[in-house]
Amino acid sequence: MADTPVSPGATAALAATAAPGQAHLDVFRYDDKIVRHFTLATILWGFVGMLVGVIIALQLPFPEANLGEYLSFGRLRPLHTNAVIFAFAGNAIFAAIYYSTQRLCKARMFSDWMSRFHFWGWQGIIVAAAITLPLGITTSKEYAELEWPIDIAITVVWVVFAVNFFGTLWRRREKHMYVALWFYIATIVTVAVLHLGNSMAIPSSFWNSYPIYRGVQDALVQWWYGHNAVAFFLTTPFLGLMYYFLPKAAERPVFSYRLSIVHFWSLVFIYIWAGPHHLNYTAVPEWAATLGMVFSVMLWMPSWGGMINGLFTLRGAWHKLRDSAVLKMFVIGITFYGMSTFEGPMLSVKSVNALSHYTDWNIAHVHSGALGWNGFMTFGMIYWLVPRLWKRELWSQRLANAHFWTGTIGILLYVLAMYTSGITQGLMWRAFDDAGRLLYPDFMETVIQIKPMYWVRLIGGTLYLGGVVMLMVNVWQTIRRAPKDLPDPAVAVPAISGTPAKDLVTS
Amino acid sequence: MFNRFIKANGRHRRIEGWPLVFTVLTVLAILVGTVVEFAPLFLVDQGMAPNPGVEPWTPLEVAGRELYIREGCNNCHSQMIRPFRQELERYGPFTTPAETAYETPFLWGSKRTGPDLARVGGKYPHLWHVRHMENPRSTSPNSIMPPYPWLLTRTMDLDGLSGQMRALRTVGLPYTDEQVDNAAALARAQAETIAAEIVEQGGPDRLADREITALVAFLQRLGTMGAASTAEVATASNSGGPTP
């Protein structure tokens with residue numbers, strides 16, 4: 001099983017020892033400055049997005065915390081989801097892609113100008129979101145709340161990113177693309193398709209528009225988008241991240257090349273069908289919801305293919321976890337990936353969904369994915385990257401370990417509270433007395449029952465945010481001690497004959 | 001055969017050297033599910049024909065719906081009753097596709113931090129909604145809903161209403177030229193009526209030009225048109241869906 005033609009460990013080592021100018025060597029520099037930019041943006045927006053999360057978690061059991069028009073729950077909740085998904089996870093993805101793609105292609109990014117445009121354009125979009133959402137400027141479509149001018153800006157930035165990425169592939173000095181790059185390709189093309197498909201709207205003014213879809217169609221398009229935002233923004237790029245950074249950190253090749261092929265293609269093919277499981281028992285046609293459910297259950301296998309390939313990469317290296325906060329974080333991240341990709345198919349099954357839909361169970365599910373998988377994969381990557389990007393040992397390993405434990409306990413409190421609350425409310429909504437009447441006809445009874453769980457969730461979320469503060473301190477102290485001058489690392493690799501463009505066509 | 005494809009230095013290995021081919025194959029992989037799920041729905045227009053009883057929103061209701069969206073009500077309130085006995089008992093007849101045919105964007109929601117609102121129309125007097133928005137705990141002790149007092153003080157902005165109605169007509173709502181052009185005047189007329197009713201119910205005067213009146217107009221009409229017939233509901237509660 002353990003056949004691995006390409007390991008990232010093998011690719012990077014041909015470093016700049018050879019004298020420049022030797023005829024058979026290409027000498028160039030990786031652009032690490034852009035990776036530093038994206039890394040810092042990840043940390044900053046992670047803090048902001050999760051702080052907003054803690055605020056809205058407080059607003060639920062304590063409505064007095066709704067401080068006026070611009071800071072009320074209904075406006076802050078989309079700000080929280082957008083900030084965590086597109087600002088925190090988004091910048092993390094870009095940091096991972098810009099760092100690893102250059103190394104896997106043995107090439108500098110295609111265009112420095114495009115890299116900068118991508119970075120500042122994306123931050124501008126985030127700022128626009130942070131201004132418009134509290135103002136109540138929203139389309140109301142989940143994870144696609146931003147209005148049409150910002151949607152157009154997203155499209156432009158994404159196209160520049162795509163050109164920059166594919167241009168780098170085109171100029172690569174490595175014949176074959178490593179598995180991480182497959183996942184990046186799937187991410188870039190599919191997010192483009194989803195964004196364009198779901199954002200089609202007729203503007204009525206500069207800050208208002210109506211989707212061209214109505215009713216059942218709008219619902220299906222929205223959840224085709226919504227579910228695949230999870231798939232292609234929070235899953236595939238993070239699998240790519242895992243395939244690059246985990247073997248690096250563990251100093252072991254990926255467990256199975258064959259498994260990576262099988263699970264990549266099945267994941268990409270099956271994920272796109274799963275959206276309608278968000279609409280079980282609603283007014284969408286029964287066949288669509290059933291199709292969504294069936295494919296969601298099938299999705300369990302390719303998802304676990306990724307988990308197995310990740311965890312088994314650590315075979316013979318488990319002892320390294322003791323001393324490595326990075327590996328601990330990767331392992332907990334991949335474990336949460338496995339748990340939430342088991343839970344997802346289960347929740348899509350109609351009889352389970354009948355209970356779980358509309359409850360906090362879904363909130364638990366998305367947070368085991370976002371805090372566990374996306375959060376800890378990102379933190380692991382950052383702790384691995386920062387000493388390399390700033391040429392300075394991490395300030396405190398103990399603090400990094402403290403971050404790991406604080407965050408893990410935080411997630412557990414969070415999800416256990418939300419499981420309890422979700423299942424309680426779901427059961428109370430459907431409870432009948434002996435005479436066949438609703439046992440809890442007043443909705444308020446079910447709210448009062450779950451309020452204590454909202455407080456527990458707040459504690460869990462605050463702990464997790466505390467972990468992020470530890471990360472900020474650790475990174476800040478590391479950077480403070482870093483050398484002032486950080487030149488891009490120079491690399492020399494054997495020149496390949498012919499034009500790189502040759503690789504694009506089927507020769 | 002499959003093994004030849006995935007083995008080390010097998011056929012897949014060659015594709016890994018061709019980014020263009022690899023990208024095209026990826027796009028094909030994601031398009032299969034997309035096309036299969038959407039093509040039938042768009043081709044046959046299933047569920048897109050509204051019931052005869054369903055009217056598009058009045059201009060004031062359009063303005064109210066915009067406020068519902070602005071305040072993010074859909075984050076905590078669904079508008080989609082599922083065909084389960086417990087939901088029919090609690091909220092009323094389940095939501096049909098035809099009822100939602102004019103909804104753009106759809107506001108079905110995904111979370112019930114508060115109760116479903118698909119059939120809240122007519123359930124409470126106007127004044128109840130006014131008080132509830134001003135301070136939810138005045139009408140519903142223990143409620144965790146945020147207060148929206150500014151809805152009672154802010155003046156309705158009807159400047160963009162004609163433009164909104166025009167855009168809605170573009171995406172398929174059957175508005176007449178008269179409705180589009182006179183949107184603001186029509187909205188004001190309906191608001192006067194509702195404001196007068198609020199006064200009758202013992203509520204404050206001078207709400208006619210306030211945002212709350214538009215929101216009340218929208219809420220009071222939810223679920224009042226084109227619901228499934230009693231017979232359909234009976235069938236669903238007897239045979240449809242798992243009854244716990």
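In this predicted model, helix α6 of chain B makes the largest contribution to the lining of the largest pocket, supplying 4 residues. The lining is made up of 40 residues in total, and the pocket that they surround holds about 840 Å³ of space. Both chains take part: α3 (73-105) and α15 (443-480) of chain A each give two or more residues, as do α5 (85-91), α6 (126-134) and α12 (211-221) of chain B. A reader who wishes to find the centre of this pocket can look for B:His77, B:Gly114, B:Pro115, B:Leu117 and B:His132, the lining residues that lie nearest to that point. By class, the lining has 23 nonpolar residues, 12 polar residues and 5 charged residues.

The second largest pocket comes next, with a volume of about 630 Å³. Its lining consists of 25 residues, and nearest the centre lie B:Glu66, B:Leu67, B:Arg70, B:Asp157 and B:Gln164. Helix α4 of chain B gives the most to this lining, namely 5 residues. At least two residues each come from β2 (201-205) of chain A and from α4 (59-70), α9 (161-170) and α12 of chain B. Sorted by class, the lining of the second largest pocket has 10 nonpolar, 8 polar and 7 charged residues. Helix α12 of chain B is thus worth finding in the structure above, as it is listed for the largest pocket and again for the second largest pocket.

The interface between the two chains can be followed in a similar way. Contacts link 105 residues of chain A with 95 residues of chain B, and the area buried between these chains is about 8,600 Å². Carbon and sulfur atoms give 66% of that area. On the side of chain A, the residues that lose the most area to chain B are A:Tyr210, A:Arg214 and A:Tyr358, which together make up 11% of what that side buries.

Polar and charged groups also meet across this interface. The count of salt bridges between chain A and chain B is 3, and one pairing of this kind joins B:Arg154 to A:Glu69, with the closest N and O atoms 2.2 Å apart. Residue pairs in polar contact across the interface number 30, where both partners have pLDDT 80 or more. Helix α7 (residues 215-233) of chain A provides the largest share of the side of chain A that touches chain B, with 11 residues. The classes on that side of chain A are 62 nonpolar, 27 polar and 16 charged residues.

Over all chains, the structure holds 30 salt bridges. Within chain A, A:Arg77 pairs with A:Glu142, and the closest N and O atoms are 3.1 Å apart. Because A:Arg77 sits in helix α3 and A:Glu142 in the loop between α4 (112-132) and α5 (148-170) of chain A, this pair ties together parts that are 65 residues apart in sequence.

The loop between α4 and α5 of chain A is also home to A:Ser140. The backbone of A:Ser140 has a phi near 80 degrees, a positive value in a residue other than glycine. Chain B offers a backbone detail of its own: a cis peptide bond joins B:Thr104 and B:Pro105, with omega about -5 degrees. B:Pro105 can be found in the loop between α5 and α6 of chain B, and α5 and α6 of chain B are both among the elements that line the largest pocket.

Note on methods. Residues numbered from 1 in each chain as written. Chains lettered and ligands numbered in written order. Predicted model: local features only at pLDDT ≥ 70, side-chain atom pairs only at ≥ 80, totals over all residues. Heavy atoms only, no water. Contact = heavy atoms within 4.5 Å. Buried area = accessible area lost by both parts, 1.4 Å probe. Salt bridge = Lys/Arg side-chain N within 4 Å of Asp/Glu carboxyl O. Polar contact = N/O pair within 3.5 Å; in protein donor to acceptor, adjacent residues only side chain to side chain. Nonpolar A, V, L, I, M, F, W, Y, C, P; charged D, E, K, R; others polar. 1 Å grid on protein atoms, 1.4 Å probe; cavity = no way out; pocket = protein on both sides within 12 Å on 5 of 7 lines; lining within 4 Å. Points joined across faces, edges and corners; volume = space filled by probe spheres on them.
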